[in-house]
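Here is my note on the structure, set out as numbered points. Please keep the model open while reading.

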Number of protein chains: 4
Amino acid sequence: MDIVISPSSDYPIYRQIEENIKTEILNRKLEKNTLLPSIRQLACDLNVSVITVKKAYEELEHSGFIYSFPGKGFYVSEMSENQINIIKKKIAANTLQKQIEYLKSLGVESEDILSIIKENLSCYD
Amino acid sequence: MDIVISPSSDYPIYRQIEENIKTEILNRKLEKNTLLPSIRQLACDLNVSVITVKKAYEELEHSGFIYSFPGKGFYVSEMSENQINIIKKKIAANTLQKQIEYLKSLGVESEDILSIIKENLSCYD
Amino acid sequence: MDIVISPSSDYPIYRQIEENIKTEILNRKLEKNTLLPSIRQLACDLNVSVITVKKAYEELEHSGFIYSFPGKGFYVSEMSENQINIIKKKIAANTLQKQIEYLKSLGVESEDILSIIKENLSCYD
Amino acid sequence: MDIVISPSSDYPIYRQIEENIKTEILNRKLEKNTLLPSIRQLACDLNVSVITVKKAYEELEHSGFIYSFPGKGFYVSEMSENQINIIKKKIAANTLQKQIEYLKSLGVESEDILSIIKENLSCYD
DNA sequence: GTGGTCTAGACCACT
DNA sequence: GTGGTCTAGACCACA
């Protein structure tokens, strides 16, 4: 599992860990029922506090991406391909809508937004 | 000048004020050399502390959107139509790039992103 | 009389006016017993408040560079060539000493200071 | 770390703290990645408000001399010997140039300036 | 009147 | 514990 965090960011570390794992789950890089590294292990690897990792895992459990057996560890939840796709699209729709709302309030032209998007997407095809 | 803030947001109040004014400047709703409301006045209007407004003005001055004559007040900087457009596009390019980077790392399809964008933009035309 | 002020500077305007006039007196651009522009006139020319000019004149009178006949105006004081030279050297000695003290506390090398000085002076010979 | 401030000075306290620390960094008295005293600690030591120290640290972070990990503290930035020397010389060149410009506008002779400088420098060798 | 600075508290999120 | 933010006062220099 590759988790990259930047402690200097203004974004909380536990959120960064959370996002990293969520991404890997939605990506299918982490398969269902996989055992995640223990809180202590990950805390040690990332050189952060145990509490920080614990918080990240708790949030992930709360939002249903992982589940835990107390005393055993945290596991990746089962989700159908369909469920995952729905979640992905929901996230995309939400974030992009806010983004565009903001840029429009700035007065950015639709065509400019579209061309920036296309240019960026072309890097991935 | 219309400034709307939500003190309960997790986004700092001074950033909200900053963003509001920056948006109005980029929008040309606030024209160059306009005298902004005094720190005290705005603090009173928004029902926040003087220091909170000062910090917002300070940041805006730091990034060049406004300038001050101590003892007189804060004024909107002169910026050419061109400069403003460049700044707008820069902001758009930056935020959209990060957005797409993130969505791509999630594995969202390009066509899905594009269709969401188009759907959202159609609300503004 | 040429007075240039920058209202945006963090240096008070009345000090700027003061320094400008002091410089012209030490320069002999303003000769002894010359009648300075009236407070109202100068305030109007510089587009600043009457009070600001008044304060500058008061300070100059206080330090002996000008004198006033109430109801008539402000005049440049009489000073011998010798007196003027002594004042100039005193100012130079004071400011340069502080400057060097500061640069030395930063750990700047003496040779660097000297070469910068020489380079700058060469522009004036 | 030795920080000396004079609260009665017309120079803002937060600037004094800023200058003190900047000097120690350029001096290499504070080595890179050193943990600075916490805002609260320093505020207590200097007997000033927390906010005053915070402002000083904020400015230093803004200009790149220090960096922060929220929740952990402020650290001295990494800068090569070279970078530091460049900054030092830049500061020296800037301040000395302004100084000489001013003295020249007063009509001080080059030789006088040079002899004052040499006299002062001799105190440090 | 304005901005510039400062105090002495406070609450919060994060480590 | 740390920094991040905020309040509700205050005094000062300046215009």
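1. Terms and source. Axes are lines fitted to C-alpha atoms, for helices over the stretch in contact, and angles run from 0 to 180 degrees between N-to-C directions. Helices (H or I, at least four residues) and strands (E, at least two) are DSSP runs, numbered from the N terminus. This is a predicted model: local features need pLDDT of at least 70, side-chain atom pairs count only at pLDDT 80 or more, and totals for chains, interfaces and linings use all residues. Residues are numbered from 1 along each chain as its sequence is written, while chains are lettered from A and ligands numbered from 1 in the order in which they are written.

2. α5 against α5. Helix α5 (residues 110-121) of chain A meets α5(B), the axes coming within 11 Å and crossing at roughly 175°. That makes α5(A) roughly antiparallel to α5(B) (angles over 145 degrees count so; under 35 is roughly parallel, 65 to 115 roughly perpendicular and the rest oblique). On the α5(A) side the contact uses A:Ser110, A:Ile113, A:Leu114, A:Ile117 and A:Leu121. On the α5(B) side it uses B:Ser110, B:Ile113, B:Leu114, B:Ile117 and B:Leu121. Contact here means that C-beta atoms, placed from the backbone, lie within 7 Å. By class, these residues are 8 nonpolar, 2 polar and no charged. The classes are fixed: Ala, Val, Leu, Ile, Met, Phe, Trp, Tyr, Cys and Pro are nonpolar, Asp, Glu, Lys and Arg are charged, and the others, Gly among them, are polar.

3. The A–B contact as a whole. Chain B gives 29 residues and chain A gives 29 residues. Which elements of chain B each supply at least two residues? They are α1 (13-26), α4 (81-106) and α5 (110-121). The largest share, 14 residues, comes from α4(B). The side of chain B that touches chain A has 15 nonpolar, 9 polar and 5 charged residues.

4. Symmetry of A and B. Chain B superposes on chain A by a rotation of 178° with 0.3 Å of shift along its axis, at an RMSD of 0.4 Å. That is the relation of a two-fold axis. The fit is by least squares on the C-alpha atoms of residues with pLDDT of at least 70 in both copies. Both copies use the same surface, and 100% of the contact residues of chain B recur in chain A.

5. The C–D pair. Chain D can be laid on chain C by a turn of 178° and a shift of 0.3 Å along the axis, with an RMSD of 0.4 Å. Here too 100% of the contact residues of chain D recur in chain C. The contact takes 29 residues from chain D and 29 residues from chain C. α4(D) gives the most to the chain D side, with 14 residues. That side divides into 15 nonpolar, 9 polar and 5 charged.

6. α5(C) on α4(D). The axes of helix α5 (residues 110-121) of chain C and α4(D) come within 10 Å and cross at roughly 40°. That makes α5(C) oblique to α4(D). The residues of α5(C) in this contact include C:Ile113, C:Ile116 and C:Ile117, and those of α4(D) include D:Ala92, D:Ala93 and D:Leu96. The contact divides into 8 nonpolar, 2 polar and 2 charged residues.

7. Inside chain D. Helix α1 (residues 13-26) and helix α3 (residues 50-62) of chain D pack at an angle of about 50°, with axes 8 Å apart. That makes α1(D) oblique to α3(D). The contact has 7 nonpolar, 1 polar and 4 charged residues.

8. The DNA strands. Around DNA strand E there are 29 residues, of which A:Pro12, A:Ile13, B:Ser38, D:Ile13 and D:Ser49 come nearest. A residue counts as near if its C-beta atom, placed from the backbone, lies within 6 Å of the strand. The elements giving two or more residues include α1 and α3 of chain A and α2 (39-46) of chain B. By class, the surface near strand E has 16 nonpolar, 10 polar and 3 charged residues. DNA strand F is surrounded by 29 residues, the closest being B:Ile13, B:Ser49, B:Gly71, C:Ile13 and D:Ser38. The surface near strand F divides into 16 nonpolar, 10 polar and 3 charged.

9. Pairs without contact. Chain A and chain C are not joined by any contact, and their closest C-alpha atoms lie 28 Å apart. Chain B and chain D do not touch, with nearest C-alpha atoms 10 Å apart.

Terms used. Two residues are in contact if their C-beta atoms, placed from the backbone, lie within 7 Å.
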